[in-house]
Amino acid sequence: MVRYLDVDKDDLVAVVVSGTLEKDDYEQLIPLMEVKISHYGKINLYWEMEEFEGWNVAAAWQDLKLDVSHANDFRRVAMVGAKKWEDWLTQLMKPFSSAEIKYFDPDERELAMAWVKDEHQA
């Protein structure tokens, strides 16, 4: 399941994902991201994993297609999660994108959101 967060920055997509992501989740998420990418060129992404179990096969394929086709369309990606494999996933993504990608623990949600919103912040 994907829950969209209200944010005050138009070039930011902010979501909380939980459970198992399905193809339908991506069929809503990808067009939103593509509209923002076409308008802003590069966007930022806040991706929080809350009791996240992963992807079903169809959703994993959609995620891979998104990663390949938009690998260089992100400026910053903040990944928030509590499991070691989620941190590992963040590290795995780095060589395949020109984006700055950082992993944050759940108690660092506010820091993660501040970091992903401010492209001038170190």
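Trainee: Let's start at the N-terminal end of the sheet. How many bridges join β1 to β2?

Mentor: Keep in mind that this is a predicted model. β1 and β2 run antiparallel. Two of the pairs are easy to find: arginine 3 stands opposite valine 16 in β2, and valine 2 has valine 17 as its bridge partner there. The full count of bridges joining β1 to β2 is three.

Trainee: And on to β3: in which sense does β2 pair with β3, parallel or antiparallel?

Mentor: A pair to look at is alanine 14, whose bridge partner in β3 is tyrosine 46. Nine bridges hold β2 and β3 together. The sense of that pairing is parallel.

Trainee: Zooming out, which strands stand at the edges of the sheet?

Mentor: The sheet is open, has mixed pairing, and its strand order is β1-β2-β3-β4-β5. An edge strand has a single partner, so one side of it is left without a neighbour in the sheet. The strands in that position are β1 (2–4) and β5.

Trainee: By how many degrees are neighbouring strands of this sheet turned against each other on average?

Mentor: Ignore strand direction for this one, and take the average over neighbouring strands of the sheet. The value comes out at 20 degrees.

Trainee: Now the helices. What angle does α1 make with β2?

Mentor: The protein has four helices and five strands, in the order β-β-α-β-α-β-α-β-α from the N terminus. α1 packs on the sheet and touches β1, β2, β3 and β4. Its direction relative to that of β2 is about 165 degrees.

Trainee: Then there's helix α4; at what angle does α4 run to β4?

Mentor: Find residues 109–117, the stretch that forms α4. This helix lies across β2, β3, β4 and β5. Its angle to β4 is about 175 degrees.

Trainee: Which residues touch the most other members of the largest nonpolar core?

Mentor: That core has 21 residues. β2 (12–21), α1 (23–40), β3 (43–55), β4 (74–80) and β5 (100–104) each supply at least two of them. Apart from it lies another core, of ten residues, among them Tyr46, Ala78, Val80 and Met113. In the largest core, the members touching the most others are Val17 and Trp47.

Trainee: What is tryptophan 47 in contact with, leaving aside neighbours within four places in sequence?

Mentor: Start with β2, which is mostly covered, with eight of its ten residues buried. Tryptophan 47 contacts Val15, Val17 and Leu21, then Tyr26 and Leu29. The rest of its contact list is Ala78, Met79 and Val80.

Trainee: Asparagine 44 caught my eye. Is asparagine 44 buried or exposed?

Mentor: Asparagine 44 is found in strand β3. Among the residues it touches are Lys9, Asp11, Arg75, Arg76 and Val116. Its relative accessibility is 0%, so asparagine 44 counts as buried.

Trainee: How far is a polar atom of the asparagine 44 side chain from the backbone nitrogen of arginine 76?

Mentor: This side chain has polar partners in the backbone. A polar atom of the asparagine 44 side chain lies 3.0 Å from the backbone oxygen of valine 116. For the backbone nitrogen of arginine 76, the distance is 2.9 Å.

Trainee: Arginine 76 itself, then: which side chain makes a polar contact with the side chain of arginine 76?

Mentor: Arginine 76 lies in strand β4. With a relative accessible area of 3%, it falls under the 20% limit, so it is buried. Its side chain also reaches the backbone oxygen of tryptophan 115 at 2.7 Å. The side-chain partner, at 3.2 Å, is glutamate 100.

Trainee: And glutamate 53, is it buried or exposed?

Mentor: Glutamate 53 has its place in strand β3, and beyond its sequence neighbours up to four places away it touches Gly19 and Thr20. Its C-alpha atom is 9.3 Å from that of valine 17, which is 36 residues away along the chain. The relative accessibility is 61%, over the 50% limit, so glutamate 53 counts as exposed.

Trainee: Last one: what share of the 122 residues in the protein is buried?

Mentor: Take the surface first: about 6900 Å² is accessible, and 55% of that belongs to carbon and sulfur atoms. Among contacts with a separation of 6 or more, residues 24 or more positions apart account for 72%. As for the buried residues, their share is 43%.

Key:
Residues numbered from 1 in each chain as written. Predicted model: local features only at pLDDT ≥ 70, side-chain atom pairs only at ≥ 80, totals over all residues. Heavy atoms only, no water. Core = buried A, V, L, I, M, F, W, Y, C linked by side-chain atoms within 4.5 Å. Buried < 20%, exposed > 50% of the residue type's maximum accessible area, 1.4 Å probe, protein only. Contact = heavy atoms within 4.5 Å. Polar contact = N/O pair within 3.5 Å; in protein donor to acceptor, adjacent residues only side chain to side chain. Areas by Shrake-Rupley, 256 points an atom, 1.4 Å probe, with all protein chains shown as cover. Pairing = 2+ DSSP bridges. Axes fitted to C-alpha atoms, helices over the stretch in contact; angles between N-to-C directions.
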